[in-house]
Amino acid sequence: MSSVGTITIEDGVGIITIDSPPVNALGIHVRRALRDCFTACAAKDEVKAVVLICNGRTFFAGADISEFGKPLEEPTLFEVMDLIENGVKPVIAAIHGTALGGGYELALTCHYRIAVPSAKVGLPEVQLGLLPGAGGTQRLPRIVGAAAALDIIVGGAPIPARKALELGMIDCLADEGKLREDAVAFARRILAEGKPLQRVRDRHDKIDADKGNVALFTEFRAKNARAFRGFKAPENIIKAVQAAVELPFDEGRKRERELFEELHDSIESAAQRYYFFAERQTAKIPDVPADTPILPITSVGIIGAGTMGGGIAMNFLNVGVPVTLIDTTQEALDRGIRVIRKNYEISASKGRLTAADVEKRMALITPAIDLGALSDADLVIEAVFERMEIKKDIFARLDRIVKRDAILASNTSYLSIDEIASVTSRPENVLGLHFFSPANVMRLVEVVRGAKTRNEVIATGMALAKKIGKVAVLSRVGPGFIANRVLGPRKDHAEDLILEGPTPTEVDQAIYDYGFAMGPFQMLDLVGLDVILDDTQRTLRGDLIAAGRRGQKSTAGFYDYDENRKPKVSQAALDIIAEFARFKGVTPKGSLPADEIVARLLYPVVNEGAKVLEEGIASRASDIDVACILGYNWPLYTGGPMFWADTVGLQKIVAKLEELEREHGEAFRPAKLLKEKAASGGSFTRG
Ligand code: T1G
């Protein structure tokens, strides 16, 4: 027997224990161990029943994602599953942690499932652009019915054990910390009852009722059309669950396999699988050792009770960290706290929080006007106006007030952390914590290390972001750090492009069809044309504002807006654009095909990404992809700008940028790193 799999026998029950850190992923070694252990148990007369349990933090967390895209080695998961399901001895899956994907599918081939209350079970393959390809789409509907199976599999969220028990996804709850003995006792009870073995695959009572019910699937499709846009997996999941209802089990499983392979070979799933590891890579900082001490953060001060400050505060209140919230006037403070309470009450009205949860969070806020109230804070985050002199004044005062080892952070979205730190006596304890709006919702935090920020402070910033449920991406100081920097060209070139003929509608449609929720002009109208405006010269937005068009808030911007805030083409806006083009001496040449527009706006994003890597602002290309996906909702199934660039082909991008440079100038000049990679046949993200 390998070290991964062991068998112990207790009074007729064979206990197969799998131990393959970190998450017992069902890679080749685990599959071999399972095959060997189940074969051995089948052969041992003294074994009457089998308990399957895992050591470590969790039951099998699914197939080994790193094996996808590579030739599959035997035994396959199916071989192991057949050994279990077709065996004559009852097999009980004993679940702790997260039984996910192939892990839960394996449990579904066992005859019974027992779990501790803290466990979760689920089929999250949709998050990898896949579907449960080891029988999950065929077995789960037989337990919970087609409608619930659609919600669970397309949703992809793990189901807590108590809920799973209600749904029948598990058969019994063990006492917390007593899983092994309770599972063995359960196995003995099964043996004592001598009940015939029940295979999930043989159940049909839950699916018979849905036979021929096509509407169930068409309505589900229609209801979720918007959320599914661009993703391939949901449609294949619907087809697989429909097959479970309409076809005999083995035919359904065959159909599931076809639908799985289709997804497995798709670029969308490759992108989402890449993203799975990219998000986990962000935490690994090449020059900050993994064992760098994390400083304790038990109290936080936040300066600025506005939209950003309030949102940032909620993240800490959500994890029980007390917050001292500062603003210049009582009125501003009261307003900020009212907004926080309103946000929590909205969550409570949607059942995401209880009234007690709301009060518990609100009780952790200490409002104050005097910075002196922060003298004991472990961390202070400044979230005030983006004006350097205001920030420097605040940091200089904070430096005299807060305790020696306190960390000082700025939520600036582009100003220099080094310059801010220079007014303090502790630049080694200063960093940027750049949240994205709305800060209580967006999962990205750019942790900005200054030239003097010490490793402990960097490591603490990264760990803290994870603690408050965010994904931290490390950036060095530079204008706009990572996400704002690389996305900047998209907005800038969009405003130039509409002078040449394509309309805001055509540009927005092309970017929408690429996969963004909204194009640049609808986004500008939503944010407001007067936010961050260059008033040192005449600009197109300046002209629109002068005409009273400040965006949705004035029911007119690049579009006109009706009472439902629906955008309509505006001749007045088009006239202002045409007039500004004349002012700039640009001769419109009419519309452009969508792929031209995409290249014109998104190839420069890739180019800027290459510069960010050249300058060492980002540690790796995948960090840029994570920042753009989480910070700007770059479509996940493209993998982000750098992965997408590798999909398009770097030579094609360089050729197009050089063409655009000849026509529109050096703003399109390909970055050195991009040219080098294109010339050498290299890539940003393909290893
Ligand atoms: N395969 C390979 N590596 C995995 C892995 C997996 N399934 N899950 C986690 N890891 C690695 C991860 O990269 C990290 O490595 C370490 O484990 C800890 O993970 C046939 C097709 C289980 C909830 O989608 O959701 O089954 O960075 O940092 O926050 O139908 O990991 O340390 O080197 O995330 O405690 C379906 C994926 C697969 C679950 C733990 N399963 N994993 O979260 O730790 S597809 C999933 C997770 C499938 C079948 C199909 C989470 C977790 P490193 P972590 P965590």
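In the predicted model, buried residues account for 54% of the 687 residues of the protein chain. The overall dimensions were examined alongside this burial. For a chain of 687 residues, a compact globule would be expected to have a radius of gyration near 26 Å, and the value of 28 Å found for the protein chain therefore agrees with that expectation. Along the principal axes, the C-alpha atoms occupy a box of roughly 90 × 60 × 55 Å. The accessible surface of the protein chain amounts to about 29200 Å², and carbon and sulfur atoms contribute 54% of this area.

The secondary structure of the chain consists of 29 helices and 19 strands. Contacts between residues at least 6 apart in sequence were also considered; of these, 73% join residues that are at least 24 apart. The chain carries 86 positive and 92 negative charges, and the mean positions of the two groups lie 1 Å apart.

Two open sheets may be described in turn. One is built from six strands in the order β1-β2-β3-β4-β6-β9, with mixed pairing. Strands β1 (5–10) and β9 (172–173) stand at its edges; each has a single partner strand, so one side of each is left without a neighbour in the sheet. Strand β1 is joined by six bridges to β2 (residues 13–18), and these two strands run antiparallel. Within this pair, I7 is placed opposite I16 of β2.

The other open sheet contains three strands in the order β5-β7-β8, and its pairing is likewise mixed. Its edge strands are β5 (98–100) and β8 (159–160), each of which pairs on one side only. Strand β7 (residues 120–122) is connected to β8 by two bridges, and the two strands run antiparallel. Here K120 stands opposite P160 in β8.

Helix α4 (residues 136–144) is mostly covered, as nine of its nine residues are buried. The buried residues of α4 are G136, T137, Q138, R139, L140, P141, R142, I143 and V144. In an α-helix there are 3.6 residues a turn, so residues three or four places apart point the same way. The residue that follows α4 is G145, which has a positive phi near 90 degrees.

Two loop residues were also characterised. H111 is located in the loop between α3 (102–109) and β6 (112–115). Its relative accessibility is 2%, and because buried means under 20% relative accessible area, H111 counts as buried. When residues up to four places away in sequence are not counted, H111 touches I84, E85, G87, K89, P90, V91, D171, L197, Q198 and R199.

K211 lies in another setting, the loop between α8 (205–208) and α9 (214–223). The relative accessible area of K211 is 42%; this value falls between the limits of 20% for buried and 50% for exposed residues, and K211 is therefore partly exposed. Leaving aside residues up to four places away in sequence, K211 touches V245 and E246. K211 and A547 are separated by 336 residues in sequence, and their C-alpha atoms are 60 Å apart in space.

Notes
Residues numbered from 1 in each chain as written. Predicted model: local features only at pLDDT ≥ 70, side-chain atom pairs only at ≥ 80, totals over all residues. Heavy atoms only, no water. Helix = DSSP H or I, 4+ residues; strand = E, 2+ residues; numbered from the N terminus. Rg over C-alpha atoms; globule rule 2.2 N^0.38 Å. Buried < 20%, exposed > 50% of the residue type's maximum accessible area, 1.4 Å probe, protein only. Contact = heavy atoms within 4.5 Å. Areas by Shrake-Rupley, 256 points an atom, 1.4 Å probe, with all protein chains shown as cover. Lys, Arg positive; Asp, Glu negative; His and termini not counted. Charge placed at Lys NZ, Arg CZ, Asp CG, Glu CD. Pairing = 2+ DSSP bridges.
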